[in-house]
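I opened my notebook today to look up a few things in a new structure. Here are my entries, in the order I wrote them.

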Amino acid sequence: MNQISRKKRRLSLTGKIFAVTVLLLVIGAIGFGCVKGLTAIGWSGGVVSDDTIYLGTQEGRLVAFNLTDESRLSAEKISAGSSGGGLFGCIPAGGGCAGGAGVAIYGTPYFTDELVYIAGYNGKVYAYNKENLATRWVYPREGYLEPIVGGVVVSDGRLYFGGSDGYVYALDAETGDFLWEADTRSEDYKRDKIWATPAIADGTMYIGSTNKVFYAFNTADGSRKWVFPTEGAVTATPLVVDGTVYIGSHDRYLYALNAADGTLKWKFMAENWFWAKPLLHDGKIYAACLDGKVYVLDAATGSKLNEFDLEEPLASDPVMHDDNVIFCTREGAIYSINTAQNSLRQLAVIDEGKVEINGPLAIHDGVIYIHTSDLLLRRVNAETGAILSSLVLSFGE
Amino acid sequence: MNPWELIIQQPLINCLIVIASVFGGNFGVSIIILTIVINLAMLPLTLSQIRSSKKMMDLQPKLAELQKKHAKDKQKLAQEQMALYKETGIKPAGCLLTFVIQLPVWIALYQSIMLAMAIAPEGLLNLSSYLYHWEAVFNALPLSRSFLGLNLAEPNFILAIFVGITQWVQQKMAQAPSTDPRQAQQSQMMLWLFPMMFTLISISFPAGLPLYWVTNSIIRIIIQYKLAGWGGLSRKPKTDEGGRDKKYVDLISSAERKSTDEVGADIVITEQQQQPSKNRYLPGKDREKHRKRK
């Protein structure tokens with residue numbers, strides 16, 4: 001009897017091979033699982049107006065926090081586009097699909113006296129009443145454009161944005177009516193995705209494209225003023241000050257261009273892409289780079305005055321607090337550069353690098369607001385670096 | 001960056017980008033070329049795997065014989081099978097070991113393709129941390145996802161079907177015939193299960209991944225064909241000869257020619273009985289014979 005039971009217990013050779021095969025398949029399934037960065041999650045920054053911060057969450061809705069009493073208001077969750085997600089949630093088209101979350105929102109909201117605007121990865125632009133976040137209008141009213149990654153900008157009653165279809169659009173900011181669209185394709189340049197936020201100055205819209213070209217369009221009718229070809233995709237937001245456009249590219253250069261005609265003033269080469277918008281203070285450009293360094297350049301000549309090695313990639317747009325420029329690495333380390341003393345200080349580290357920070361920083365009343373990948377709005381004292389209580393962005397969906 | 005990313009993923013991603021830059025930024029061409037290169041690098045392992053499978057196929061008649069002989073004693077059967085494997089120099093776990101070595105490479109290639117494609121904005125941002133400081137790498141990005149009319153960043157149904165077909169063909173070619181009904185059932189299940197599974201995954205993933213799978217399967221089919229012919233694809237499972245495969249009849253009959261004492265069997269089929277024409281029931285002729293006898 002014992003012998004029989006022993007025999008039964010003993011796996012046959014075929015059984016063993018089958019078991020190992022299954023084990024290998026499990027290992028394979030884990031290895032072949034979704035690779036990080038396949039799903040569109042979103043990294044909208046916050047914008048403060050009248051003691052209220054507005055930002056787009058990873059659950060696909062505009063949220064407003066009253067910073068005095070911390071009460072929360074939310075707009076209706078925006079719906080996913082026509083396609084995407086795929087059987088295993090690995091296609092980001094139409095909206096984020098990380099853990100069944102909502103439409104990804106990348107652009108920081110833009111506000112006017114009455115309205116707040118956001119653009120979704122589902123290819124729609126939304127306008128909400130500032131008071132109660134009720135929807136005022138949606139563009140397009142029916143159907144969807146290609147995903148919108150950059151933010152929207154409003155100027156002189158017109159709203160501007162670029163889409164992944166390679167077109168830039170102008171809408172009536174009050175009604176959402178279509179005004180004009182401009183194609184980035186020409187004889188010399190193919191059309192590719194626009195993932196950047198535009199900048200508007202003196203009747204000109206400046207925007208970069210992943211087709212490696214930087215454009216200037218006339219805001220009146222969308223006609224092209226000039227183009228500036230680079231060697232890499234342009235996804236950063238341009239900085240336009242005193243007739244000069246400062247723009248970073250994936251070719252590792254930060255360019256200073258004449259705003260009037262797009263001619264090159266100077267260029268500076270780093271070791272990786274420029275993703276964040278540069279900051280100008282006291283005649284110096286502070287440019288955060290994905291090589292983990294902040295470069296301090298002479299705004300007039302482009303010569304390097306200093307560099308600070310933060311050791312981790314920088315994707316977030318910096319903010320200014322008194323004489324300090326505040327930067328945040330993708331791993332959540334917050335640094336302050338004192339522009340007067342030219343010194344670097346680490347303010348805080350959020351969750352020991354367990355979170356990811358890609359969106360722009362916001363600052364209000366000495367508090368830095370950081371949208372982290374764990375659906376929280378982190379708060380850090382800009383003076384002391386003390387980490388304050390976080391605001392919960394999730395609605396538990 | 002962890003060791004896996006540093007040693008495996010980063011070089012592969014940069015290779016993909018450099019190859020793409022040589023071919024005008026075409027990512028589809030880059031996927032195909034790198035898959036071919038990786039397959040060539042793994043050729044010794046692949047060849048040993050195929051040879052081992054072929055040996056296993058050739059051994060099936062002997063295994064069948066053992067199965068028949070020790071049908072009631074499974075322990076004895078296992079011992080005899082192991083002895084036979086040892087005698088012929090086959091390591092049944094050898095195929096598996098080769099697979100174990102190859103698996104991480106395929107996983108790495110898959111991950112690199114998905115990362116280099118940078119479909120979502122997060123993917124593009126993450127890609128920046130994998131790049132070598134080479135001008136060719138920086139200037140090649142973002143890669144063109146258009147290949148032969150396909151958008152490699154979006155799922156493609158036709159390519160997904162191709163994945164299923166090529167995987168089925170490859171598996172069918174490599175499949176060893178089995179005399180054990182349970183094993184045969186398992187093999188049959190795997191033959192359909194994997195291609196169907198990969199087809200379903202391909203429908204959901206960006207077309208760049210199915211392109212890699214199809215290329216991989218085609219290369220494996222070619223190698224398999226050169227080394228072992230069509231294998232299981234050309235094999236007819238049964239013939240009229242007593243339900244046996246034609247090529248195994250000779251091998252089996254040698255065992256059957258032995259005496260009952262030698263093989264320990266109760267009944268031994270003689271060579272005469274083995275002649276198919278004499279044993280087979282032939283409706284027209286037999287009926288005539290029967291009438292004549294009457």
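**Helix 11 and what follows**

I began where helix 11 of chain B stops: the next residue is B:Gly229, and its phi is positive, near 70°. I keep in mind that this is a predicted model.

Next I checked the length of helix 11 of chain B, which covers residues 208-228. With 21 residues at 1.5 Å a residue, the helix should span 30 Å, and I found its end C-alpha atoms 30 Å apart, so the two agree.

Which residues of helix 11 of chain B are buried? I listed B:Gly208, B:Leu209, B:Pro210, B:Leu211, B:Tyr212, B:Trp213, B:Val214, B:Asn216, B:Ser217, B:Ile219, B:Arg220 and B:Gln224.

**Chain B as a whole**

I counted 16 helices and 2 strands in chain B. Of its 294 residues, 35% count as buried. I also looked at contacts between residues at least 6 apart in the sequence of chain B, and 75% of them join residues at least 24 apart.

**The core**

I then looked up the largest nonpolar core and found 157 residues in it. Helix 6 of chain B, residues 92-117, gives the largest share of this core, with 9 residues. A reminder to myself: in soluble globular proteins, nonpolar side chains tend to be buried together.

Which residues have the most contacts inside this core? They are A:Tyr117, A:Ala287, B:Ile113 and B:Ala116. I followed up on B:Ile113, leaving out residues up to four places away in sequence. B:Ile113 touches B:Leu16 and B:Ile31, and also B:Gly208, B:Leu209 and B:Tyr212. Those last three brought me back to helix 11, where they are on my list of buried residues.

**Two sheets in chain A**

In chain A, I found an open sheet of 4 strands in the order 1-2-3-4, with antiparallel pairing. Strand 1 (47-49) and strand 4 (72-74) each have a single partner strand, so one side of each has no neighbour in the sheet. The twist averages 25° from one strand to the next. Between strand 3 (residues 62-66) and strand 4 of chain A I noted 3 bridges; A:Ala64 has A:Leu73 as its bridge partner.

Another open sheet in chain A has 4 strands in the order 25-26-27-28, also paired antiparallel. Its edge strands are strand 25 (319-321) and strand 28 (343-349), each pairing on one side only. Ignoring direction, neighbouring strands here are turned by 30° against each other on average. My last entry: 5 bridges join strand 26 (residues 324-328) to strand 27 (residues 333-338) of chain A, and A:Val325 stands opposite A:Ile337.

Notes:
Residues are numbered from 1 along each chain as its sequence is written. Chains are lettered from A and ligands numbered from 1 in the order in which they are written. This is a predicted model: local features need pLDDT of at least 70, side-chain atom pairs count only at pLDDT 80 or more; totals for chains, interfaces and linings use all residues. A residue is buried if 20 or more other C-beta atoms lie within 10 Å of its own, exposed if 12 or fewer, and partly exposed in between; C-beta atoms are placed from the backbone. Two residues are in contact if their C-beta atoms, placed from the backbone, lie within 7 Å. The expected span of a helix is 1.5 Å times one less than its number of residues. A nonpolar core is a set of buried Ala, Val, Leu, Ile, Met, Phe, Trp, Tyr and Cys residues joined through C-beta atoms within 7 Å. Two strands pair if DSSP finds at least two bridges between them. Axes are lines fitted to C-alpha atoms, for helices over the stretch in contact, and angles run from 0 to 180 degrees between N-to-C directions.
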